[in-house]
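Trainee: Got a minute? I'd like to walk through this one with you.
Mentor: Sure, pull it up and ask away.

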Amino acid sequence: MAVNISDIKTSSDGVWQGENPLHYAFPLLIIQTALVIFISRLLSFLLKPLRQPKVIAEILGGILLGPSALGRHKEFMQWVFPAWSTPILESVASIGLLFFLFLVGLELDLTSIGRSGKRAFGIATAGILLPFIFGIGITFLLRKTIVGADKVGFAQCLLFMGVSLSITAFPVLARILAELKLLTTQVGETAMAAAAFNDIAAWVLLALAVALAGGSHKSPLVSLWVLSSGAGFVLFMVLIIRPTMSRVARQCTKTKTSSHDHMEEFYVCLTLAGVMLSGFMTDLIGIHAIFGAFVFGLMIPKKGEFAGKLIRRIEDFVCGLLLPLYFASSGLKTDVNKIRGSKSWGLLAVVVSTACTGKIFGTFFMGVLCMIPVRESLALGVLMNTKGLVELIVLNIGKEKKVLNDEMFAILVMMALVTTFMTTPMVMAVYKPARNIASVVHHRSLKESTSYHLQTLQAELRVVACIHGLRNSPSIINLINSIQSPNTYSNMKLYIMHLVELTDRSSSIVMVHQARKNGVPFFESTALKANKVKTRSSTAISPLPTMHEDICQVADKKKAAIIILPFHRRWGRKDNEEDVADIGPGWEVVSQRVLTHAPCTVALLVDRGGLVSILKRVCVVFIGGPDNREALELGGRMAAQPVTKVTVIRFLVENGDNSCVDEDIEKKLDEMTLEEFKMRWEGEMEYVEKTTHNITKELLEIGRSKEFELVIAGRGRFPESLIGKIGQHEVRDSRELGVIGSLLASYDDGVASPVLVVQKHDLAKEDSRSNYV
């Protein structure tokens with residue numbers, strides 16, 4: 001059935017009325033969107049083992065839907081992507097593109113770029129100039145070789161070609177750096193700053209190219225007016241809009257009230273409307289609408305919470321739903337079949353090699369001149385060669401302005417795809433990422449550290465404390481203070497790690513900027529004992545599946561005796577009932593892998609609404625085994641505090657084995673540790689022995705009693721006969737806390753005390769086949 005474009009309607013009356021929904025705009029758009037998302041997500045899943053960024057899958061998905069693959073079947077195109085639907089699809093995709101460029105502007109922190117100094121600026125400049133020079137030769141070659149390429153003015157063609165060869169995709173680069181564990185290194189920081197410089201310069205050049213292309217068939221004064229109006233627009237944004245948005249951001253970060261919530265919603269909606277108006281203004285001027293959105297994003301202050309709130313409100317909808325439509329519409333214009341014969345494929349090889357050579361060697365030589373080591377300079381060059389979505393935007397604008405014909409467009413799209421695909425393997429080849437944690441061999445524990453302290457009277461206790469944010473940092477502070485012994489031989493050196501999850505979301509990059517600018521936020525070092533605790537801070541910015549590598553490497557490098565982690569689930573009180581909240585999905589994987597790979601003792605803090613600042617009553621549960629002995633050692637450090645009363649409760653099981661294993665040596669070690677502990681802290685601790693046939697009941701009574709402000713227990717490895725029958729009590733999270741820790745951390749049995757679950761390093765090397773229960 002042929003469809004007359006003048007008769008297109010939004011929705012149909014349904015198949016029962018004899019109408020085909022695919023002949024109507026809105027139902028067809030739904031089918032197109034669902035198909036695009038399915039294919040892009042499928043390809044992203046398939047490419048994940050190759051450590052490729054998601055943009056590769058989205059570009060490939062768009063090409064597959066176009067005339068290069070599925071689009072070669074006329075029936076498919078007539079049913080799913082008919083010609084009359086193209087303006088509708090492109091209009092919806094352009095809205096997504098508009099807001100994506102706004103997000104890119106939000107990601108770029110100009111103050112952070114300014115702090116990076118001349119080195120990043122010089123590297124960015126070299127990374128633009130050399131590809132531009134090479135672009136002159138490529139432009140001559142393409143205009144001589146490709147039929148119809150010489151119909152466009154040389155200046156316009158050169159500008160588009162130069163931008164496409166020299167641009168660096170800042171958002172894609174950030175995620176590649178995170179994947180390779182380079183984001184917080186010197187190489188990563190320099191690459192991010194240089195890429196930001198590069199992006200801004202590329203957008204300025206692209207605006208110039210668009211202005212020249214728009215006025216190519218008119219008087220040269222038209223291009224001059226476009227450029228002058230564009231400069232005036234930027235000046236207006238800097239002088240008027242930027243101070244206005246700063247006031248809006250300050251207003252939105254004030255203390256929340258019911259009226260403030262309405263004002264916050266008003267300001268967010270006003271900002272989103274500002275994006276649209278900015279896009280309209282630049283389109284009115286004669287520059288593409290995305291420039292207005294990008295500049296408006298740059299004007300939003302990155303300090304405070306306002307930028308993060310904006311991103312959280314729009315990024316999922318834009319990046320997850322609308323942006324893939326842009327790749328689909330681009331794919332419908334890309335016909336790889338236009339690259340025919342040895343001549344065309346030879347041109348593609350020349351363009352790819354020229355783009356790589358110009359970008360990599362330009363950056364490399366400038367890096368060497370800036371006294372950066374050769375290997376790091378080469379890695380910088382490879383990283384700066386990342387293309388991606390931004391490149392695709394440039395090419396689409398060039399095709400829209402008729403500067404690039406079909407064959408040139410296809411060659412440059414393939415160039416962007418190849419250069420982005422090769423970035424990760426090339427960086428791994430020339431610059432090894434962070435070493436594998438399997439090489440960690442220096443195992444330490446609190447017990448061993450204490451023995452060394454007593455012998456030398458000068459060594460420091462080294463602690464790695466991990467925090468996620470505001471909610472768990474006060475409890476971590478109070479716990480650190482409680483284990484800091486007042487004895488001079490036990491001075492502490494504290495390494496604070498702020499754990500920042502990096503995802504494909506734009507908000508992750510904003511968090512990176514904030515972490516770099518502010519160090520470790522939310523952590524008040526004045527709350528620590530200033531005369532004793534030496535504090536160093538760092539930031540781990542990684543995807544959750546590999547976050548444990550950063551933690552374990554810092555612990556090994558700093559020779560830490562203990563890692564303190566907040567448990568991924570947090571308990572609190574809400575309306576007189578216990579309120580359970582997850583810090584975030586996936587954080588339990590971080591804890592599990594740290595427990596498996598840590599080179600030292602690990603302590604998981606199960607918080608219940610905030611650990612008190614001064615611990616007066618602490619309970620240590622002792623059953624037997626290495627973990628329990630380590631927990632006892634930690635309790636001894638707390639017993640050294642004048643105000644802290646430590647109670648050690650040792651369980652002796654009737655007709656059962658009191659040891660963690662059946663070896664006599666473990667029993668002897670348990671007895672020796674207990675005797676030493678009682679002698680050292682005589683008069684400052686209370687020792688209780690309980691004989692029982694059901695430890696479950698006894699442990700729950702300890703947790704429910706509210707007598708103790710903290711309960712310490714070993715994670716443990718025990719025979720099932722020792723635990724007794726748990727009955728109706730369901731053990732949760734035993735993989736992280738063990739059975740004892742899970743019972744004490746139970747949230748549906750009236751347990752009220754915070755819990756610290758301790759694991760000694762020698763058990764941390766056990767694999768998933770261990771006997772932990």
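**Cores, strands and salt bridges**

Mentor: Let's begin with the largest nonpolar core, which has 137 residues. The ones with the most contacts inside it are Phe 102, Phe 160, Trp 203, Leu 206, Ile 300, Phe 306 and Ile 393. Keep in mind that this is a predicted model.

Trainee: Okay, what does Ile 300 touch, leaving out residues up to four places away in sequence?
Mentor: Ile 300 touches Phe 102, Leu 106, Met 245, Thr 271, Phe 306, Ala 307 and Leu 310. There's also a second, separate core of 43 residues, and Ala 560, Trp 587, Ala 598 and Val 711 are among its members.

Trainee: And helix α12, how many of its residues are buried?
Mentor: Helix α12 covers residues 289–299, and 11 of its 11 residues are buried. Phe 291, Phe 294 and Phe 296 are among them.

Trainee: Switching to strands: is β8 enclosed or open?
Mentor: Largely enclosed by the rest of the structure, because 5 of the 6 residues in β8 (617–622) are buried.

Trainee: Which strand does β8 pair with, and in what sense?
Mentor: β8 pairs with β11 (residues 710–714) in the parallel sense, over 4 bridges. For example, Val 618 has Leu 710 in β11 as its bridge partner.

Trainee: What about the loop before β11, where does Glu 707 sit?
Mentor: Glu 707 is in the loop between α25 (695–704) and β11. The side chain of Glu 707 makes a polar contact with the side chain of Arg 617, at 2.8 Å. Glu 707 has 43% relative accessibility, so it counts as partly exposed.

Trainee: Cool. How many salt bridges are there in the whole structure?
Mentor: A search finds 10. In one of them, the side chains of Glu 90 and Lys 333 meet at 3.7 Å, N to O. Glu 90 lies in helix α4 and Lys 333 in helix α13, so the pair ties together parts that are 243 residues apart in sequence.

Trainee: Which residue does Glu 675 meet in a salt bridge?
Mentor: Lys 678, at 3.2 Å, N to O. Both are in helix α24, 3 residues apart, so about one helical turn separates them.

Trainee: And which residues are joined into one network by salt bridges that share partners?
Mentor: Glu 633, Glu 676 and Arg 680. In the salt bridge between Arg 680 and Glu 633, the closest N and O atoms are 3.8 Å apart.

Trainee: Is Glu 633 buried or exposed?
Mentor: Buried, because its relative accessibility is 6%. Arg 680, at 32%, counts as partly exposed.

Note on methods. Residues are numbered from 1 along each chain as its sequence is written. This is a predicted model: local features need pLDDT of at least 70, side-chain atom pairs count only at pLDDT 80 or more; totals for chains, interfaces and linings use all residues. Side-chain values use heavy atoms; hydrogens and water are left out. Buried means under 20% relative accessible area, exposed over 50%, partly exposed in between (1.4 Å probe, protein chains only). Helices (H or I, at least four residues) and strands (E, at least two) are DSSP runs, numbered from the N terminus. Two strands pair if DSSP finds at least two bridges between them. A polar contact is a pair of N or O atoms within 3.5 Å; within protein, one must be able to donate a hydrogen and the other to accept it, and residues adjacent in sequence count only if both atoms are side-chain atoms. A nonpolar core is a set of buried Ala, Val, Leu, Ile, Met, Phe, Trp, Tyr and Cys residues joined through side-chain atoms within 4.5 Å. Contact means heavy atoms within 4.5 Å. A salt bridge is a side-chain nitrogen of Lys or Arg within 4 Å of a carboxyl oxygen of Asp or Glu.
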